[in-house]
Amino acid sequence: MDNLRFDFVTNSIVEDVTSIDSKQFRVNVLGSKNLTFQRFSVKASGHSLNTDGIHIGRSEGINIINSNIVTGDDCISIGQGSKQVRITNVRCGHGHGISVGSLGKYEKEEPVSGIYVKNCTIYDTDNSVRIKTWPALYGGIASNIHFEDIVMQNVSNPIIIDQMYCPWNLCNRKKPSKVQISDVSFKNIQGSSRTPTAVQITCSSSVPCKDIVLSNVNLKYTGSKGSAKSVCTNVKPRIIGKLIPGGC
């Protein structure tokens with residue numbers, strides 16, 4: 001079960017709370033508005049599955065600030081119907097990083113918009129900042145999503161948009177995602193990658209990503225399997241300043 005649930009909570013602040021070793025999601029936020037988590041701490045094994053630190057769904061005006069999240073799944077996951085979510089000064093360790101999605105798995109999902117992730121440090125994670133949608137299934141919209149001033153330390157897949165998200169192969173990879181992703185920026189991103197593909201933007205062939213910006217990205221591969229690279233599919237991002245590694 002979840003450690004803490006915040007269902008239909010309005011105009012509230014949660015501060016100076018520590019959650020340790022939850023069985024599933026640490027915190028689940030549903031149908032809430034103007035809710036702030038401040039100095040919130042999550043501690044768990046990096047090998048604990050389905051233990052998202054904070055999951056947000058169908059909520060608006062959610063703030064997560066000055067917090068430390070160590071978990072085995074997404075540090076913060078942002079699901080359908082989430083609007084105006086601000087994540088600032090968060091340290092995210094182990095697990096899968098900060099994710100928007102997965103989206104497009106269910107019919108009539110509400111749009112995701114107004115997501116701002118700023119001044120965060122992400123370390124020893126399998127992913128870092130990620131947007132993920134299922135192929136083949138249902139439509140949806142994810143827009144106005146911005147990652148800025150992010151430091152990455154020893155992460156895999158530092159920057160990733162994955163519109164072929166298909167865990168355990170329980171989907172049809174032969175048909176593209178129907179979720180439209182647009183107005184997404186990655187700005188002032190620096191640090192180290194455990195994998196050669198430091199930037200991977202895999203968009204849908206039926207609804208290609210629109211208005212994707214990579215600005216001042218400097219990511220270095222720390223392994224021995226060649227040099228770092230960026231891979232972009234079904235998208236031509238706008239490059240501002242430097243993009244290291246290049247390729248998109």
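**Exercise 1. Decide whether Pro158 is buried or exposed, and find its surroundings.**

Solution.
Step 1. Pro158 has 0% relative accessibility, so it counts as buried. The classes are these: buried means under 20% relative accessible area, exposed over 50%, partly exposed in between, with a 1.4 Å probe and protein chains only.
Step 2. Place it. Pro158 sits in the loop between strand S12 (139-155) and S13. Strands (E, at least two residues) and helices (H or I, at least four) are DSSP runs, numbered from the N terminus.
Step 3. List its contacts, where contact means heavy atoms within 4.5 Å. Leaving out residues up to four places away in sequence, Pro158 touches Ser128, Val129, Met152, Ser193, Thr197, Ala198 and Leu219.
Step 4. Look across the chain. Pro158 and Asp16 are 142 residues apart along the chain, and their C-alpha atoms are separated by 29 Å.

Before going on, note the ground rules. This is a predicted model, in which local features need pLDDT of at least 70, side-chain atom pairs count only at pLDDT 80 or more, and totals for chains, interfaces and linings use all residues. Residues are numbered from 1 along each chain as its sequence is written, and side-chain values use heavy atoms, with hydrogens and water left out.

**Exercise 2. Describe the protein chain as a whole.**

Solution.
Step 1. Count the elements. The protein chain has 18 strands and 0 helices.
Step 2. Check the radius of gyration, taken over C-alpha atoms; the globule rule is 2.2 Å times the number of residues to the power 0.38. For 248 residues, a compact globule would have a radius of gyration near 18 Å; the protein chain has 17 Å, which agrees.
Step 3. Take the extents. The C-alpha trace spans about 45 × 40 × 35 Å along its principal axes.
Step 4. Turn to burial. Of the 248 residues, 52% are buried.
Step 5. Turn to contacts. Among those with a separation of 6 or more, 73% join residues 24 or more positions apart.
Step 6. Add the surface. The accessible surface is about 10,900 Å², and 48% of it belongs to carbon and sulfur atoms. Such areas come from the Shrake-Rupley method with a 1.4 Å probe; for residues, only the protein chains shown count as cover.

**Exercise 3. Compare the settings of Ser41 and Asn34.**

Solution.
Step 1. Ser41 lies in strand S4 (residues 33-43). Asn34 is in strand S4 too.
Step 2. Ser41 counts as buried because its relative accessibility is 13%. Asn34 counts as partly exposed, at 38%.
Step 3. Set aside neighbours within four places in sequence. Ser41 is then in contact with Val17, Thr18, Ser19 and Asn68. On the same terms, Asn34 touches Thr10, Asn11, Ser12, Glu60 and Gly61.
Step 4. Asn34 and Ser99 are 65 residues apart in sequence, with 20 Å between their C-alpha atoms.

**Exercise 4. Locate Thr222 and name what it touches.**

Solution.
Step 1. Thr222 is in the loop between strand S16 (210-221) and strand S17 (229-233).
Step 2. With 51% relative accessibility, Thr222 counts as exposed.
Step 3. Not counting residues up to four places away in sequence, Thr222 touches Ser192, Ser193 and Arg194.
Step 4. Gly61 is 161 residues from Thr222 in sequence, and their C-alpha atoms are 38 Å apart.

**Exercise 5. Find backbone features at Ser102, Pro245, Trp168 and Asn188.**

Solution.
Step 1. Recall the background. Most residues other than glycine have a negative phi, and most peptide bonds are trans.
Step 2. The bond from Gly101 to Ser102 is cis, with omega near 15 degrees. Ser102 belongs to strand S9 (residues 98-103).
Step 3. The bond from Ile244 to Pro245 is cis, with omega near 5 degrees. Pro245 falls in the segment after strand S18 (238-244).
Step 4. Trp168 has a positive phi of about 60 degrees. Trp168 lies in the loop between strand S13 (159-162) and strand S14 (178-193). Its relative accessible area is 69%, so Trp168 is exposed.
Step 5. Asn188 has a positive phi near 55 degrees. Asn188 is in strand S14 and counts as partly exposed, at 27% relative accessibility.
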